[in-house]
Amino acid sequence: RNYVFNHHTICMSSNGQIQATACYSGYIYLSTDYGVTWTQKGSSAFYRDIKCSSSGAVIMAATDGAYLYKSSDSGTNWTQDTSAGISIECLSVSSDGLVILVPTYYSSNGGSSWTALVSPPATPSRMAMSTDASRLFWTVSGGGIYVSYSRFYEPISQVSPVLESEVRQISPIIQTPSIVGGEDKSGTNQNGMACALRGGLSTG
């Protein structure tokens, strides 16, 4: 079934039942029946990004003007959170919905309080985290992929010179690489990332 929205970003629960799309210069639209029907939610805003927890219970939407909108009941009700106090281009949410990452801050309690990142990459355009929030990935406007392999999100280092203009999306994956970010990870399961590029797929 087709719906005509000014789609800008979309997220989905792990089982596909909860789906949410956020429109730039528009609203949030929510489906709780695997995309069969959709309902308008939230306030009209310039939405930049939307992410949800694995169950779809927690949904976070980022807008221009340092606003975050949060739902803790699978999109039924929404509240505005400005406690991060920064311009928010993109965000990422852990599988349990407790860890929230925005360009220069993170929250480990679902957005109740925020901590500044140490030396975050400048002008991030996309970000993702592993399911347990122990590994973070950024793509940056002007070029580069940055990672942190620490639960405390430092140090942050550049691992790829890929140009931002080539990046289409970034997403965490589960893999068993021998080398990750220059560090030997042989014999252990590590959370990696997949980066969709113009003309192909890059994993790391």
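Trainee: Which residues have the most contacts inside the largest nonpolar core, and how many residues does that core have?

Mentor: In this predicted model, the largest nonpolar core has 14 residues. Those with the most contacts inside it are Ile-28, Tyr-47, Ile-50, Ile-59, Ala-61 and Trp-78. Strands S2 (19-31), S3 (39-52) and S4 (59-63) each supply at least two residues of this core.

Trainee: What lies apart from this core?

Mentor: Another core, of 13 residues, lies apart from it. Val-99, Met-129, Leu-136 and Ile-156 are among its residues.

Trainee: Why does Ser-13 count as buried?

Mentor: Ser-13 has a relative accessibility of 2%. Buried means under 20%, so at 2% Ser-13 counts as buried. The residue lies in the loop between strand S1 (7-12) and S2. Not counting residues up to four places away in sequence, Ser-13 touches Ile-18, Cys-52, Ser-53, Ser-54, Ser-55 and Gly-56.

Trainee: What makes the pairing of the Ser-13 and Asn-15 side chains a polar contact?

Mentor: The side chain of Ser-13 makes this contact with the side chain of Asn-15 at 2.8 Å. The cut-off for such a pair of N or O atoms is within 3.5 Å, and therefore the value of 2.8 Å satisfies the distance criterion.

Trainee: Is Lys-70 buried or exposed, and what is the value behind the term?

Mentor: Lys-70 counts as buried, at 19% relative accessibility. Because the limit is under 20%, the value of 19% meets it. Lys-70 is found in strand S5 (residues 67-71), and its side chain reaches the backbone oxygen of Gly-110 at 2.4 Å. Leaving aside neighbours within four places in sequence, Lys-70 is in contact with residues including Val-58, Ile-59, Trp-78 and Gly-110.

Trainee: Why is Met-127 called buried?

Mentor: Met-127 has a relative accessible area of 2%; the limit is under 20%, so Met-127 is buried. This residue lies in strand S11 (residues 124-129). Met-127 and Val-93 are 34 residues apart in sequence and 9.6 Å apart in space, C-alpha to C-alpha.

Trainee: What makes S7 and S10 the edge strands of the open sheet?

Mentor: The open sheet has four strands in the order S7-S8-S9-S10, with antiparallel pairing. Strand S7 (92-93) and strand S10 (115-116) each pair on one side only.

Trainee: How do you know that S9 and S10 pair?

Mentor: Two bridges join strand S9 (residues 105-107) to S10, and the strands run antiparallel. Pairing needs at least two bridges, so S9 and S10 qualify. Tyr-106 stands opposite Thr-115 in S10.

How values were computed
Residues numbered from 1 in each chain as written. Predicted model: local features only at pLDDT ≥ 70, side-chain atom pairs only at ≥ 80, totals over all residues. Heavy atoms only, no water. Core = buried A, V, L, I, M, F, W, Y, C linked by side-chain atoms within 4.5 Å. Buried < 20%, exposed > 50% of the residue type's maximum accessible area, 1.4 Å probe, protein only. Polar contact = N/O pair within 3.5 Å; in protein donor to acceptor, adjacent residues only side chain to side chain. Contact = heavy atoms within 4.5 Å.
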